[in-house]
Amino acid sequence: MFDRQEVARVAGLARIDLTEEEITQFAQELGVITAAIQKVSEIVTPEVPATSHPIPLTNVMRDDVPSQPFDVEKALASAPASEDGLFLVPQILGEE
């Protein structure tokens with residue numbers, strides 16, 4: 001558990017200036033957090049499997065099936081401008 005002296009010591013190490021009221025408040029809040037962690041630690045045993053997510057997740061993506069790539073000429077057909085098989089766009093950064 002965290003007492004006022006421990007909170008003041010850690011605040012001093014972190015160079016955080018706390019008022020007496022803040023020290024008391026943080027000591028109480030850290031006590032509540034510590035108690036919650038202890039309760040969870042009591043429940044977690046080697047028989048309880050570790051989980052990364054409470055609900056099982058499955059991959060919903062399609063299978064990766066090879067196919068013919070999109071035709072470059074078709075892609076460039078509706079482009080306002082193209083050059084050497086690439087889209088040609090206006091320069092916006094002022095670079096040469």
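In which loop is V44 found? The close-up views below, taken from a predicted model, include the answer.

**View 1. Nonpolar surface patch formed by V40, I43 and V44.** These three residues make a nonpolar patch of about 290 Å² on the surface. V44 is found in the loop between α2 and α3, the latter helix spanning residues 72–77.

**View 2. The largest nonpolar core of the model.** Five residues constitute this core, namely V7, A11, L18, I23 and A27. At least two of the core residues are supplied by each of the helices α1 (4–13) and α2 (20–43). In soluble globular proteins, nonpolar side chains tend to be buried together.

**View 3. Contacts of the core residue V7.** When residues up to four places away in sequence are not counted, V7 touches F2, L18, I23, F26, A27 and L30. Among these partners, L18, I23 and A27 also belong to the largest nonpolar core.

**View 4. Positive phi at R15.** R15 lies in the loop between α1 and α2. Its phi is near 60°, a positive value in a residue other than glycine. Most residues other than glycine have a negative phi. R15 is classed as exposed because its relative accessible area, 79%, lies over the 50% cut-off.

**View 5. Positive phi at D84.** The loop between strands β1 (82–83) and β2 (86–87) holds D84. For this residue, which is other than glycine, phi takes a positive value near 55°. D84 has a relative accessible area of 72% and is therefore exposed, the cut-off being over 50%.

Terms used. Residues numbered from 1 in each chain as written. Predicted model: local features only at pLDDT ≥ 70, side-chain atom pairs only at ≥ 80, totals over all residues. Heavy atoms only, no water. Core = buried A, V, L, I, M, F, W, Y, C linked by side-chain atoms within 4.5 Å. Buried < 20%, exposed > 50% of the residue type's maximum accessible area, 1.4 Å probe, protein only. Helix = DSSP H or I, 4+ residues; strand = E, 2+ residues; numbered from the N terminus. Contact = heavy atoms within 4.5 Å. Patch = residues over 30% accessible without salt bridge, like charges linked within 9 Å, V, L, I, M, F, W, Y side chains within 5 Å. Areas by Shrake-Rupley, 256 points an atom, 1.4 Å probe, with all protein chains shown as cover. Salt bridge = Lys/Arg side-chain N within 4 Å of Asp/Glu carboxyl O.
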